[in-house]
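This report concerns helix packing, charged pairs and selected residue environments. The sequence and structure are shown first.

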Amino acid sequence: MSRLAAALLAVFASAPAWPEVVRIHDLSSAELGALRAEYDFWGVDWRAGYAVFDLDPAARARLEAAGFRVETDRPRQRELERWNAIDRSGFRRGDPGTIPGFPCYRTVTQTHADLEALAIQYPDRAQWVDIGDSWQATNGSAPGSSIFALVIGNENSPHPRAPLVLMAAQHARELATAEIATRFAEQLLENPGDDPDIEWLLDHREIHVIAQQNPDGRRQVEAGESFWRKNHNETACPGGTVGVDLNRNSTHFWGNASSGSACSDLYRGPVVASEPETQAIQAYLLGVFADQRPGDQTSPAPPDAEGLFISLHSFGELVLLPWEGLGGEDENNAPNHDALTVLGRRMAWHGDYEVSRWFSLGPAGGTMVDFAYYESGVAAYTFEVGTTFQQSCASFASAIWPDNRDALLLAAKAARRPYREPAGPSITSLGVSLDNGVVRLVGTADDTRYFRGNSPEPPAADPIADVVTVRVASGAPAETGAPSWEFTLPVPSPVVDFDLALPAGASLAPNGRLFVSASDADGDAGLPRVARLSLTLFSDGFES
């Protein structure tokens, strides 16, 4: 009998009341998937080779007797004890705006208030949209909440605007995710003129931020139910682990790698898409994204498909791609697998996150990522951010937020052609100046910025090649037909510095934006980076 079989045979044993955070080392993918279905799984540390669980002593003893290597996770155990010791009495008398003990994380009420305020402050750039109700709002014994999206983009832009949908806090206890989404919205809307590389996104992208997808569950966490994961469907395991796991409730691969037990943290619900939260998001995604692939499991979306969906979770420092609901090996790759992996590794570079399908966490059936890709053909990902559910405010500010901010900005750029442009070189630095009437651009193009971690995910090689050309477009991206100039680099290399001068008398757009992109020897053209030349211009585009 395997150690896994021995451990699961004893799972019916009674559970004492004082659990402990532990690390279980050296698990195979099959063992991890099976243990996730039976115990309270938290996440993985793929660098150190262990998974994190919350186990009662009897469960730990069973696993150790079956041959698993189990040790107490002392740092996370101390975090748990600090979290449980927080005085929430003042919070219960009135929402102070942040989660008790974590002043960097806004409550559901404050998150919604701040995002709605952005829509009021910037009516030409943001809309606050009610996209559906929670279970509690529809059926519950206590007041529930609506689910909202902040839709960001310049409504007056003459350009097509490719969509990015960012969804957070599907699992209630994962504190950092809603704050990342909220700060990302603020980053885009507050003072975009300070950063021309953000400013242009408002004209060329439509970004939907759903910061609190599970508001009822998150409010349980705010009030002291520290490790509430599911929604607040009161009919599912009343008096126990209440609710349905919204990330096992979606339409595609529902029933795979999940639990039919209502008291499991992985409970998939009584029927497919049973929860109003799931129904609201699925309907919303179908309204945002065009249908770009046949409704089957094997046909790819076209290479020029547009649109991107990201679901923020924690923890594990992972970027996960479809299919999430299938196990197996390469035969279960999503049809656009290699292009999905290329963009995944580009985004992962910013935080050194591992890129995989299900290898790192085990399969998960009924996820919203699989729904978005299956139904619309958009590039879809789960980000498992950080290293713990209760990420400290110090680590959030120093690493979690900036790393994921930069990955999300890359995603916003990639939303127009996520299966093509990320394979091209990145412009990693860029400066512009006007010298004696000549516009000069100095920067670096880099075709090597990929990170995969320890994942066996194919393809084995990243599309790294020599950077051979740089293109400069005036006023708008080159694909819009804006005036542009192409420069051949004298010494091609995977990482190359360039110093370019536009032709004398080159006409510049009134907005002063210069879109700079690079192409490599394989013919892959990369995403643009924007610099803005500060000039006083007449409407014809010439310097005054």
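How many salt bridges does the structure hold? The model, which is a predicted one, holds 29 salt bridges.

## Charged pairs

Side chains of opposite charge can pair when their charged atoms come close. Three of the salt bridges are listed below with their N to O separations.

| Salt bridge | N to O separation |
|---|---|
| Arg60 and Glu20 | 2.9 Å |
| Glu186 and Arg106 | 2.8 Å |
| Asp406 and Arg405 | 3.0 Å |

The salt bridge of Arg60 with Glu20 connects separate elements of the fold: Arg60 belongs to helix H3 (residues 57-65) and Glu20 to strand S1 (residues 20-25), so the pair ties together parts that are 40 residues apart in sequence. Arg60 is buried, its relative accessible area being 18%, whereas Glu20 is partly exposed at 26% relative accessibility.

The salt bridge between Glu186 and Arg106 likewise links a helix to a strand. Glu186 is part of helix H8, while Arg106 lies in strand S6 (residues 102-106), so this pair ties together parts that are 80 residues apart in sequence. Both Glu186 and Arg106 are buried.

In the salt bridge of Asp406 with Arg405, both partners are partly exposed: Asp406 has a relative accessible area of 28%, and Arg405 has one of 22%. Elsewhere, salt bridges with shared partners connect Arg106, Asp114, Glu179, Arg183 and Glu186 in one network.

## Helix H8 and its packing against H6

Two packed helices are described by the angle between their axes and the distance between the axes. Helix H6 (residues 108-121) packs with helix H8 (residues 175-189) at an angle of about 15°, and their axes are 11 Å apart. The two helices are therefore roughly parallel, since an angle under 35 degrees counts as such. The crossing of H6 past H8 is left-handed.

Which residues make this contact? H6 contributes Thr111, Leu115 and Leu118, and H8 contributes Thr182, Ala185, Glu186 and Leu189. By class, four residues of the contact between H6 and H8 are nonpolar, two are polar and one is charged.

Why is H8 described as largely enclosed by the rest of the structure? Of the 15 residues of H8, 13 are buried, so the helix is largely enclosed by the rest of the structure. Just after H8, Asn191 adopts a positive phi of about 55°.

Two residues of H8 illustrate these surroundings. Thr182, which is located in helix H8, is buried with a relative accessible area of 0%. Apart from residues up to four places away in sequence, Thr182 touches Arg106, Thr111, Leu115 and Ala211. Among these, Thr111 and Leu115 are also residues of H6 in the contact between the helices.

Glu186, also found in helix H8, is buried at 17% relative accessibility. When neighbours within four places in sequence are left aside, Glu186 is in contact with Arg106 and Leu118. Arg106 is the partner of Glu186 in a salt bridge, and Leu118 belongs to the H6 side of the helix contact. Glu186 thus takes part in the packing of H6 with H8 and in the salt-bridge network that includes Arg106.

## Packing of H13 with H15

A second helix pair is formed by helix H13 (residues 337-348) and helix H15 (residues 393-414), which pack at an angle of about 145° with their axes 8 Å apart. The contributing residues are Leu343, Arg346 and Met347 of H13, together with Ala407, Leu410, Ala411 and Ala414 of H15. This contact of H13 with H15 comprises six nonpolar residues, no polar residues and one charged residue.

## The loop residue Ser314

Is Ser314 buried or exposed? Ser314 is buried, with a relative accessible area of 2%, and is situated in the loop between strand S11 (308-313) and strand S12 (318-320).

The C-alpha atoms of Ser314 and Gly386 are separated by 6.2 Å, although these residues are 72 residues apart along the chain. Leaving aside neighbours within four places in sequence, the contacts of Ser314 are with Trp42, Glu174, Thr177, Glu384, Val385, Thr388 and Phe389.

Note on methods: Residues numbered from 1 in each chain as written. Predicted model: local features only at pLDDT ≥ 70, side-chain atom pairs only at ≥ 80, totals over all residues. Heavy atoms only, no water. Axes fitted to C-alpha atoms, helices over the stretch in contact; angles between N-to-C directions. Helix = DSSP H or I, 4+ residues; strand = E, 2+ residues; numbered from the N terminus. Parallel < 35°, antiparallel > 145°, perpendicular 65-115°, else oblique. Left-handed = near helix turned anticlockwise from the far one by under 90°. Contact = heavy atoms within 4.5 Å. Nonpolar A, V, L, I, M, F, W, Y, C, P; charged D, E, K, R; others polar. Salt bridge = Lys/Arg side-chain N within 4 Å of Asp/Glu carboxyl O. Buried < 20%, exposed > 50% of the residue type's maximum accessible area, 1.4 Å probe, protein only.
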